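The exercises below concern charged side chains and their pairing in a predicted model. Work through each task with the structure open before reading the solution beneath it.

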Amino acid sequence: MTEKALSLFVLLTLLVSGGCIRQKRGDVFDSMVDKFGTMDASDGMDEVELDENDFFQNAMTLYEQGHYLEAQKKFAIFKNKFPYSSMIPASVFFQGECFFNSKVYIQASRYYHSLIHTYPYSSYVPQAKIKDGISMYMIGKNRKADALFKNVIRDYPDTKFSKSASFALNGKIHEAEALVSGVTIEPEIVVEHNIFTKTVGTLPVNVNEVSPKSQCVSTYPNRYLIVIANSEYKYYGNLSYVNNDVTVLQELGTCYLGVPEQNIVVNRNTTFSELKRIFTHLNNIVRQKDSIVFVYYTGHGIEDQLGNPYLVPVDASLKGEMDLNDSTIPLTFVQGQLDRLNVRSKVFIWDACRVDVPWKLIHVNRRINTDIAGDSTYIFATSSGNTSNISKQKSISAFLDSLWELARAGTANFDLDSSGYVELMEIKDSLESRLRRTTVDSRQKLEIRGITSAKIFPVQ
């Protein structure tokens, strides 16, 4: 036998041997994964005519019909095809569901695990933890399964998820699974302020609670409310509830903050240039030196690698660190413009996320500058690295719902020093307590910088 022939014989022997070894294992997992493909599918890009909603719905239709192989591939393609879609967490979750329903539990666990760690604020997380735990249980990793179930009970008390986890811990796996089955998807509705980690779902709309005029305080000509409400983003998920925020803010301003209707200025869907112009021209709106000015921003927000916050205009396009200066407005710019405003008091309310930029590849020890110069007050609806969420009760932000609820409880009850005004320090604890009860994420916590004696509510 020639050397060339011998080499060919050895190669064929190895190939056949490898096939026999695999066949002898009878590894169903390997064969199923081969059929399903990988987590980063790149084929099927021929459906360029479909927008993201239609593409996602096609994948969901296949899933609901039980065509899990085809559905998983569609969801994988969707993730690559629409990398900035608000439905990315859903696409990852349902890839896990495709494997789970096909009883390929190891691969299902990988997708659930990916969702939990890549999109920690997604509303799919508690369900993913339950399904991940069941997957671990099904492959005999009971200790990991129990840890996941206990985590759900701790983080989501008094919910169907904690009840499901309790079933699972008691060995009632089928009851646990049944309790969290049947997800309703409304991809167009984003219920978090997070620009890169968005959640989809439905929430009740009941924001039209008009306050009795007898509760309203007098208005004062030197009080102003500047609202910046960004809801319709060009490249990122729309925030449908921001319009409800505006409705509530207008009544909060006139009825409780003591702002005359003509002193409320609403700026909707501001671009980069418009947002800059708003802050640089504040002195054209407010002229009295004894004025109290509230600036309320509701929309998307992010932080850079050092934890410095940025407002996100509706035309922002963020693909790398350099885009921050060209597409977003840093808090330092806002601070500089407010410092130039020669008035009695300035209160800036940041009702937006403060999540990391998506290209953060390494851990950076944050050196956050919390010093605020001048006579300004900065109220952040959430702390560094976290999201600002929608309220569990209403289709408005959780922070605004908490402030609204506190105001309606009677501002006079919080005037502890009988000064005729409710200062921020007098309502801080009550506001935080309400926020803990209202937010959909227990990690959302207030942060306050600057002057804590700012006069928020005048008392009738």
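**Exercise 1.** Determine how many salt bridges a search of the whole structure finds, and describe the pair formed by Glu 303 and Arg 354.

*Solution.* The search, run over the whole structure, finds eight salt bridges. In one of them the side chains of Glu 303 and Arg 354 meet, with an N to O distance of 2.7 Å. Locating the partners next, Glu 303 belongs to strand E4 (residues 301-303), whereas Arg 354 sits in the loop between strand E7 (345-351) and strand E8 (355-356), so that the pair, 51 residues apart, links distant parts of the chain. Finally, both Glu 303 and Arg 354 are buried.

**Exercise 2.** Find where the salt-bridge partners Arg 354 and Glu 447 lie along the chain, and state whether they are buried or exposed.

*Solution.* The side chains of these two residues, Arg 354 and Glu 447, come to 2.8 Å, N to O, in a salt bridge. Arg 354 lies in the loop between E7 and E8 and Glu 447 in strand E11 (residues 447-450), 93 residues apart, and this pair too links distant parts of the chain. Arg 354 and Glu 447 are both buried.

**Exercise 3.** Classify the accessibility of Asp 441 and of Arg 443, and then identify which residues are joined into one network by shared partners.

*Solution.* Asp 441 and Arg 443 form a salt bridge whose closest N and O atoms are 3.1 Å apart. Asp 441 counts as buried because its relative accessibility is 7%, under the cut-off of 20%. Arg 443, with a relative accessible area of 37%, is partly exposed. As for the network, salt bridges that share partners join Glu 303, Arg 354, Glu 447 and Arg 449.

Conventions: Residues are numbered from 1 along each chain as its sequence is written. This is a predicted model: local features need pLDDT of at least 70, side-chain atom pairs count only at pLDDT 80 or more; totals for chains, interfaces and linings use all residues. Side-chain values use heavy atoms; hydrogens and water are left out. A salt bridge is a side-chain nitrogen of Lys or Arg within 4 Å of a carboxyl oxygen of Asp or Glu. Helices (H or I, at least four residues) and strands (E, at least two) are DSSP runs, numbered from the N terminus. Buried means under 20% relative accessible area, exposed over 50%, partly exposed in between (1.4 Å probe, protein chains only).
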